[in-house]
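Got the viewer open? Here's a walk through the structure, one selection at a time.

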Amino acid sequence: MLENRQGESHEVEIEARVALALARANSKLTGSEADIVRDRIARSIEHRHQLRTLSLENQDEPAHGFDLGFLSRPGPREDAP
Amino acid sequence: MNGVDPAPTFATISDLGLALRSGQTTAVALANEALRRLESTGRAMNAVVTTTTETALALAARADEELANGHDRGALHGIPYGAKDLLAVAGYPTTWGAAPFRNRYIENNAAVVERLEAAGAVLVAKLAMVEFAGGFGYDQPDAAFTGPGRNAWNPERWAGGSSSGSGAAVAAGCVPLAIGSETWGSIHGPAAYNAIIGFRPTYGLVSRHGAMALSWTMDKMGPMAHSVEDCELTLLTLAGHDPRDPSTLHRSAYQCDQRREGFRFATLTGATIGVEAEVADRYHEALRVFHDFGSVDEIRLPELPFDAAAATIISAEAASAFETFLEEGGAAELTALEDRVALLGALSLPAVDYLRALRVRRKAMAAIDELLAPFDAVITPGRATVAPPIDQRFLEEPNDPGARTIDGAANLCGLPGLMMPMGLGRHGLPAAVGLTGRAELDATILAVGIAFQERTGFHREMPPEPAANARDALHPS
């Protein structure tokens with residue numbers, strides 16, 4: 001079982017995330033299906049731990065793809081105030 | 001594969017072009033042969049979703065008529081090809097490999113289909129793929145409504161995923177060219193397992209417009225063919241800005257790199273940890289070839305969480321791209337059990353985890369670019385093993401925690417990569433060597449690949465079964 005920084009189990013987070021995911025999908029799973037979801041959530045928590053091994057500063061920005069270039073509208077009117 | 005006899009669809013695009021222009025064959029004849037192979041060998045390998053017979057014969061007839069009238073559209077004129085079925089094609093189902101969409105039509109062609117049609121290429125089939133390009137969490141080959149993708153070298157082995165049909169169809173001589181897509185390994189895997197060439201372009205070099213989105217910031221479209229030159233000929237057509245895909249790069253036209261020697265290569269420390277002995281042997285033999293036309297230094301990948309960042313980004317973006325589908329229970333109809341439920345977990349992935357992955361990505365991009373700056377290409381074993389059995393779960397594969405691979409880093413950072421055969425490994429199955437380069441230096445990677453091919457003949461080797469049977473059936477003695 002994965003543990004958080006205080007050495008506690010991640011079971012609470014995993015079960016909470018399973019419940020949230022199932023609520024969003026309005027889904028009921030069999031025991032084996034729920035185990036698959038739990039396993040994938042546990043893996044994502046492990047990934048978070050790995051990501052945290054790299055120190056980030058406040059101004060380290062995401063590599064986003066935000067781009068205004070797709071707006072194909074004309075520029076300001078010449079007679080605008 | 002010199003010349004077009006005895007198996008035209010095993011020939012390279014260049015050889016087929018010569019045959020078309022000299023009158024040895026016609027585009028209609030090539031299309032008909034490709035269609036016949038697709039319906040026999042291709043279907044047997046579960047490599048085909050839909051043959052586009054009506055469109056193919058019309059495009060082929062147009063190509064022949066134009067050539068007869070002196071209108072030559074270039075290297076791809078009259079060349080049959082297949083498209084992974086995540087690319088929209090008007091008039092035919094676009095299934096994304098998923099049973100719920102087996103009868104879904106999208107009435108606009110994908111950008112790559114448009115560009116290939118404008119270049120005179122002839123679409124003959126929409127090729128099978130792992131459902132939703134593998135983004136729903138599959139962990140075994142039987143994860144498509146068309147059945148598990150069978151390997152062209154041994155149908156009891158997996159073709160690789162998620163561009164399984166593209167890889168197997170080219171390798172088995174059904175088509176000389178296919179378009180695949182890669183988010184993390186989906187071009188390279190099938191290319192490696194089937195002994196063909198697979199090229200993953202720099203992210204943004206080829207438009208994703210009209211292609212299924214799995215992960216907007218990681219999806220790439222690329223060619224799969226019998227030679228590196230064929231991949232480059234195709235890339236010349238596919239590369240370019242597309243205002244409908246805001247991620248495409250604003251760059252001048254793609255320029256080929258004519259160098260064939262004097263390259264600077266790097267290998268990775270720990271690259272053969274966890275690699276099958278026979279694959280490692282082929283890799284060391286290949287390295288001796290690379291030494292013939294370049295220097296080789298060893299480098300160490302920085303200890304950054306490349307794979308964790310890539311996995312987190314793909315999960316979050318896939319869950320978002322398919323949010324409504326997941327919430328409406330559409331996944332319940334998928335083929336693989338794990339695909340029906342695994343991505344549900346990503347619906348509750350914290351936004352801060354996704355953003356951390358994107359912040360790590362920026363750091364990773366800078367670090368890997370600095371590492372690769374002195375080199376033209378990093379050489380690695382393409383895959384740790386030969387193609388696994390068709391009924392083997394991935395979790396049963398050997399997984400050495402000490403293994404260092406560049407795949408996650410390369411896909412996370414949008415780097416170009418080339419997969420090429422390097423001989424045979426265990427059970428007579430193909431082994432492959434991979435090349436990775438700096439972002440936007442696609443031409444350099446391809447130049448290295450051409451130089452490697454000129455010194456080896458691995459790309460000319462054809463599978464014994466079932467492709468040879470198909471060839472024999474077409475050319476009885």
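The stops below go from one chain, across the interface, and into the other chain.

**Stop 1: chain A**

Keep in mind as you click around that this is a predicted model. Select chain A and colour by secondary structure: you'll find two helices and zero strands. Colour by burial instead, and 20% of its 81 residues count as buried.

Now zoom in on R24(A), which sits in helix 1 (residues 11–25) of chain A. Is R24(A) buried or exposed? Neither label quite fits: it has 15 C-beta neighbours inside 10 Å, so it counts as partly exposed. Leaving aside residues up to four places away in sequence, R24(A) touches E327(B) and L347(B), so show those two as sticks. For a sense of scale, draw a distance from R24(A) to D60(A): the two are 36 residues apart in sequence and 32 Å apart in space, C-alpha to C-alpha.

**Stop 2: the interface**

Widen the selection to the whole contact between the chains. On one side are 33 residues of chain B, and they are in contact with 30 residues of chain A. Which parts of chain B should you highlight? Go for helix 9 (306–321), helix 10 (323–327), helix 11 (337–341) and helix 12 (351–372), each of which supplies at least two residues to the side that touches chain A. Helix 12 of chain B gives the most, with eleven residues. Colour the chain B side by residue class and you get 17 nonpolar, eight polar and eight charged.

**Stop 3: the sheet in chain B**

Hide chain A and switch chain B to cartoon. Look for an open sheet of eleven strands with mixed pairing, in the order 1-3-2-4-6-5-10-11-9-7-8. Strand 1 (48–51) and strand 8 (294–299) of chain B are at the edges, and each has a single partner strand, so one side of each has no neighbour in the sheet. Ignoring direction, neighbouring strands are turned by 30° against each other on average.

For a closer look at one pairing, pick strand 7 (residues 263–268) and strand 9 (residues 377–381) of chain B, which run parallel and are joined by three bridges. Click A266(B) and you'll see V378(B), in strand 9 of chain B, standing opposite.

Next, add helix 3 of chain B, which packs on the sheet and touches strand 1, strand 2 (80–84) and strand 3 (122–127) of chain B. The directions of helix 3 and strand 3 of chain B make an angle of about 155°.

**Stop 4: two helix pairs in chain B**

Stay with helix 3 (residues 53–68) of chain B and bring up helix 2 (residues 27–44) of chain B: their axes come within 7 Å and cross at roughly 155°. The two helices are therefore roughly antiparallel, and their crossing is right-handed. Among the residues making the contact are A31(B) and L35(B) from helix 2 of chain B, with A56(B), L57(B) and D64(B] from helix 3 of chain B. By class, the contact comprises nine nonpolar residues, one polar and one charged.Last selection: helix 7 (residues 228–238) and helix 14 (residues 442–455) of chain B. Their axes come within 9 Å and cross at roughly 155°, which makes this pair roughly antiparallel too. The crossing of helix 7 and helix 14 of chain B is left-handed. Show the contact residues, including C231(B) and L235(B) of helix 7 of chain B and L446(B) and I450(B) of helix 14 of chain B. This contact has five nonpolar, two polar and three charged residues.

Terms used
Residues are numbered from 1 along each chain as its sequence is written. Chains are lettered from A and ligands numbered from 1 in the order in which they are written. This is a predicted model: local features need pLDDT of at least 70, side-chain atom pairs count only at pLDDT 80 or more; totals for chains, interfaces and linings use all residues. Axes are lines fitted to C-alpha atoms, for helices over the stretch in contact, and angles run from 0 to 180 degrees between N-to-C directions. Helices (H or I, at least four residues) and strands (E, at least two) are DSSP runs, numbered from the N terminus. Angles under 35 degrees count as roughly parallel, over 145 as roughly antiparallel, 65 to 115 as roughly perpendicular and the rest as oblique. A crossing is left-handed if the near helix is turned anticlockwise from the far one by less than a right angle, and right-handed if clockwise. Two residues are in contact if their C-beta atoms, placed from the backbone, lie within 7 Å. Ala, Val, Leu, Ile, Met, Phe, Trp, Tyr, Cys and Pro count as nonpolar, Asp, Glu, Lys and Arg as charged, and the others, Gly among them, as polar. A residue is buried if 20 or more other C-beta atoms lie within 10 Å of its own, exposed if 12 or fewer, and partly exposed in between; C-beta atoms are placed from the backbone. Two strands pair if DSSP finds at least two bridges between them.
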